[in-house]
Amino acid sequence: ECRGLGSSTSTLVSLIGLLKKRFNIKISNEDALKFCASIEPTDPILIKKSCLFSTKEGIKKAQFNFKFPKLIIYGMDTDPKGKGVNTLKLKDIKYTKRELDFFKKAHDSLKQIKKYDKKIFSDISRKSLIINQKYIPKKKFNKILRLENKLSNEFIVGAHSGTVVGFVYKYDKINGTKFKYNKDEEILKKISKIFKSNITKYLYV
């Protein structure tokens with residue numbers, strides 16, 4: 001809760017599902033997300049394809065044409081003893097023109113690609129987190145970035161309105177996580193110790 005993993009959206013979506021079943025209500029996934037967004041910022045957990053999603057409006061803004069490979073995220077909480085981020089109390093962020101220009105270029109890049117591109121995702125996700133750090137900071141953020149430079153992960157992700165960060169790797173069912181460097185597991189454990197937070201694995205297939 002308040003960590004940026006979409007627990008609030010999951011709770012609301014589950015409640016909608018129960019009401020649909022109990023009272024035989026017909027509501028689309030799109031309308032369900034809009035309803036959730038009318039209560040608080042919402043994650044696109046009911047949308048399966050890659051897209052640009054407005055968490056405040058609860059609507060899909062753009063559809064992308066690429067598919068992710070099988071991925072696994074090694075996630076951890078940067079502030080496990082803290083209270084997290086209350087999205088209901090968040091004020092609108094006033095980004096600078098330079099930051100807005102970056103977001104537009106990132107969107108245009110994602111619209112153009114037809115398949116997953118590690119470099120594009122690595123650049124966009126990293127720069128996006130750096131911008132977000134200015135407005136909703138995470139503890140020991142610079143140390144996270146320095147250690148991430150030593151990993152063989154695909155890219156780094158982080159909750160923009162939460163405290164969780166994750167290191168994304170390719171994954172297959174037979175061989176598991178694809179570590180290119182022998183020290184990856186050692187470095188991930190080091191990051192875990194820094195924050196005194198257990199590593200949680202999230203599988204995306």
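Here a colleague asks a modeller how some statements about helix 6 and the nonpolar cores are reached.

Modeller: This is a predicted model, where local features need pLDDT of at least 70, side-chain atom pairs count only at pLDDT 80 or more, and totals for chains, interfaces and linings use all residues. Residues are numbered from 1 along each chain as its sequence is written, and side-chain values use heavy atoms, leaving out hydrogens and water.

Colleague: How do you know that the span of helix 6 agrees with its twelve residues?

Modeller: Helices are DSSP runs of H or I, at least four residues, and strands are runs of E, at least two, numbered from the N terminus. The expected span is 1.5 Å times one less than the number of residues. For residues 184-195 that gives 16 Å; the end C-alpha atoms are 17 Å apart, which agrees.

Colleague: Which residues of helix 6 are called buried?

Modeller: Buried means under 20% relative accessible area, exposed over 50%, partly exposed in between (1.4 Å probe, protein chains only). D184, I187, L188, I191, S192 and F195 are buried in helix 6.

Colleague: What makes them one face of the helix?

Modeller: The arc is taken from the directions from the helix axis to the C-beta atoms. The buried residues fall within 145°, so they line one face. The face turned away carries exposed E186, K189 and K193.

Colleague: What makes a set of residues a nonpolar core?

Modeller: Its members are buried Ala, Val, Leu, Ile, Met, Phe, Trp, Tyr and Cys residues, joined through side-chain atoms within 4.5 Å. The largest has 17 residues; L188 and I191 are among those with the most contacts inside it. Strand 3, helix 5, strand 5 and helix 6 each supply at least two residues.
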